[in-house]
Amino acid sequence: MSFGVAACAVGGQTDLTPQWSADEARAIAAWPGRQPTGKLDPEVEARIARIVGGMTLEQKIGQITQPDIRYITPDQVREYYIGTILNGGGAWPGMNKHARLEDWTGLAGQYAAAALSTDMAVKVPIIWGIDAVHGNNNVVGATIFPHNIGLGAAHDPALIERIGRSTARSVRATGIGWAFAPTLAVVQNQRWGRSYESYSSDPALVAANGAALVRGLQGSLTGDGDVIASAKHFVGDGGTHLGVDQGENRASARDFVSLHGAGYYTALDADVQTVMISYNSWTMGGTVPFGKIHGSRALVTGVLKQRLGFDGLVVSDWNAIEQVPGCRKDHCPQAINAGIDVFMVPEDWKAFIANTVADVREGRVPMARIDDAVTRVLRVKFRTGLFDRPLAAGRHTGDAAALVDRPLAQEAVRKSAVLLKNDKAALPLKAGKRILVVGDAADSFVKQAGGWSITWQGDETDNRDYPVGETMLAGLKRVYGDGNVTWSADGSAFAPGRFDAVVAVIGEPPYAEMKGDVPFPQLLSYSARFPADLALLDRVAGKGVPVVTLLYSGRTLYATDLINRSDAFVAGFLPGTEAGALADLFAGTGGLDFTARLSFAWPNTPCPSGGEPAGESLFARGFGLSYDRARQTGRLNEVAGLKSCR
Ligand code: GLC
């Protein structure tokens with residue numbers, strides 16, 4: 001069964017009017033229509049048409065090709081007329097993890113100069129995109145905010161907007177003008193390795209927070225502290241079967257729109273300038289093989305561009321076009337004809353350019369489609385003022401102070417940690433208490449930051465890569481005094497009577513994307529995956545000393561056994577570089593109290609079925625305790641003896 005467009009080039013003239021199949025028409029009609037956000041500026045559109053009219057085919061294809069900085073030089077930017085570049089996670093100027101700010105701005109300046117020194121009749125400025133998904137997280141020394149799973153628990157879109165402003169400023173400090181954020185996934189199964197990139201399983205909360213981040217990042221689009229944003233990943237990334245990354249979304253047409261599409265309405269209303277397409281496929285309730293979104297003209301053109309009126313640019317994901325049947329990562333006319341405008345082809349971009357030039361010359365891709373793509377790229381660049389004022393002229397460019405925003409990050413950390421249990425008022429821990437801190441995560445920037453931090457996976461880093469920020473151990477020492485805080489990662493220093501309380505800080509090792517998936521039928525249970533931490537709690541629990549457990553995790557997951565071994569239990573999620581701010585919350589300094597409420601349900605089973613059915617919730621979405629809303633939890637029923645979820 002093939003879908004698609006009856007685009008055929010007869011003598012160069014092309015009828016792009018798509019002939020929707022009945023299923024495609026049904027899928028498109030399921031999306032409430034919306035009008036384009038802004039009117040097109042006739043003068044700008046005329047300028048764009050003149051520029052496009054004067055471009056060669058090679059110049060046009062270069063403009064819509066997006067290599068990764070690891071695989072392209074400034075000279076090649078000029079030679080191949082490249083319009084946009086990116087660095088995926090784990091790429092830095094000169095591949096130096098500790099690249100200095102001037103290395104970032106220097107490389108940005110080289111790319112900018114190269115783009116403006118082509119032999120094009122009208123030079124077109126270049127734009128560089130980066131995964132600044134929780135602050136400018138690729139850059140050593142930059143403040144890294146909590147990941148979205150925690151920010152969702154803050155239920156505070158205004159905070160998200162302020163984080164967007166701060167992040168945009170930090171990105172502009174490096175000379176970069178495009179952030180691949182927000183993620184608008186509405187995650188239905190926490191097995192997914194990207195669950196922490198999602199604000200919530202509630203589409204309304206995702207929609208509110210996503211739009212807030214777009215407003216924060218983009219500002220007025222032309223300001224020195226503005227970057228363009230990417231609503232991603234269109235559409236249905238958080239709803240794949242069994243939470244498999246890049247897998248199959250089987251939602252009905254109605255759920256596909258109301259659940260997974262919700263964030264796109266508000267992001268487009270917030271005037272987001274780019275949308276990134278999702279790796280997953282869709283099968284409309286499991287009955288219609290729409291296939292990979294990157295190859296679906298019905299969804300990219302029919303829904304996003306026509307039904308929703310999106311007039312910015314659509315970018316593919318990292319080599320995602322190779323997953324479209326019949327395509328390779330360097331050749332995919334289907335994805336171009338589907339309506340994608342910019343192609344993230346990190347390594348094989350030269351071959352992509354050559355193959356796409358041939359596609360147009362040989363009639364597999366209409367020139368009109370290429371012109372539409374180039375027009376959209378130029379439109380976005382004009383909207384940002386890039387033709388009039390280079391990014392380098394921005395007042396934040398090269399400003400190291402713009403990389404750091406500790407107070408805002410500390411506020412976000414305290415607003416995103418959820419108090420799930422607090423029996424016998426174990427918290428707050430008053431000043432003067434003698435505290436034993438156990439658990440390796442207590443002094444680990446790596447575990448508190450999670451994936452997409454300095455590197456793609458957040459691994460291959462250690463505390464030396466985080467010169468700015470505070471671990472929980474440092475925070476506790478700051479609040480209670482060095483003399484009152486003893487750290488014993490393995491708990492061996494524990495002795496009843498020596499301490500007034502134990503603070504156990506445990507957490508998942510970092511991960512990103514498919515490497516973070518917990519594949520079915522594995523148990524989605526913290527202690528099944530990390531038994532040493534359960535043993536650590538056994539060492540200190542029930543010995544007459546209150547145990548306060550802080551868990552860093554990129555997902556909600558079965559932890560009833562850990563909770564039963566804790567008098568107080570805090571879901572810290574992935575707080576970023578300022579995790580130490582939780583120490584003030586633990587002390588109740590200045591009246592500080594927990595305000596966060598879960599934005600995902602917390603499971604009572606190691607085998608959640610997805611979709612958060614009420615019977616599987618230990619704590620429902622919206623749950624969270626505070627000092628002035630205490631309650632006794634007592635012992636919870638544990639699920640024992642399961643070896644797998646089959
Ligand atoms: C990744 C992710 C996407 C990211 C892109 C560039 O595979 O799916 O979210 O923006 O590649 O790093």
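## Domain layout and helix packing around α10

The domain assignment divides the chain into domain 1, residues 6-402, and domain 2, residues 406-619. The structure is a predicted model. The C-alpha centres of domain 1 and domain 2 are separated by 34 Å. Between them, 54 residues of domain 1 contact 55 residues of domain 2.

### The sheet

An open sheet is built from six strands, arranged in the order β4-β5-β6-β7-β9-β12 with parallel pairing. Its edges are formed by β4 (84-87) and β12 (313-315), each of which pairs on one side only. The edge strand β12 is joined to β9 (residues 274-277) by three bridges in the parallel sense. Within this pairing, T274 lies opposite L313 of β12. Helix α10 packs on the sheet, where α10 touches β7 (228-234) and β9. The direction of α10 makes about 165° with that of β7.

### Helix α10 and its helical partners

Two packed helices are described by the angle between their axes and the distance between the axes. The table gives these values for α10 with α8 and with α9.

| Helix pair | Angle between axes | Distance between axes |
|---|---|---|
| α8 (residues 203-218) and α10 | about 25° | 8 Å |
| α9 (residues 253-260) and α10 (residues 262-269) | roughly 45° | within 4 Å |

The packing of α8 and α10 is considered first. Their axes meet at about 25°, and α8 is therefore roughly parallel to α10, since an angle under 35 degrees counts as such. The crossing of these two helices is right-handed. On the α8 side the contact is made by P203, A207, A211 and V214, and on the α10 side by A262, G263, T266 and A267. By class, six residues of the α8 contact with α10 are nonpolar and two are polar, while no charged residue takes part.

The second partner is α9. The axes of α9 and α10 cross at roughly 45°, so the two helices are oblique to each other. From α9, the residues V257, S258, L259 and H260 meet A262, Y264 and Y265 of α10. This contact of α9 with α10 comprises five nonpolar residues and two polar ones, with no charged residue.

Residue A262 of α10 appears in both settings: A262 belongs to the contact with α8, and A262 is also met by residues of α9. Helix α10 thus has contacts with α8, with α9, and with the sheet strands β7 and β9.

Definitions and conventions
Residues are numbered from 1 along each chain as its sequence is written. This is a predicted model: local features need pLDDT of at least 70, side-chain atom pairs count only at pLDDT 80 or more; totals for chains, interfaces and linings use all residues. Side-chain values use heavy atoms; hydrogens and water are left out. Axes are lines fitted to C-alpha atoms, for helices over the stretch in contact, and angles run from 0 to 180 degrees between N-to-C directions. Angles under 35 degrees count as roughly parallel, over 145 as roughly antiparallel, 65 to 115 as roughly perpendicular and the rest as oblique. Contact means heavy atoms within 4.5 Å. Ala, Val, Leu, Ile, Met, Phe, Trp, Tyr, Cys and Pro count as nonpolar, Asp, Glu, Lys and Arg as charged, and the others, Gly among them, as polar. A crossing is left-handed if the near helix is turned anticlockwise from the far one by less than a right angle, and right-handed if clockwise. Two strands pair if DSSP finds at least two bridges between them. Domain bounds come from an automatic or database domain assignment.
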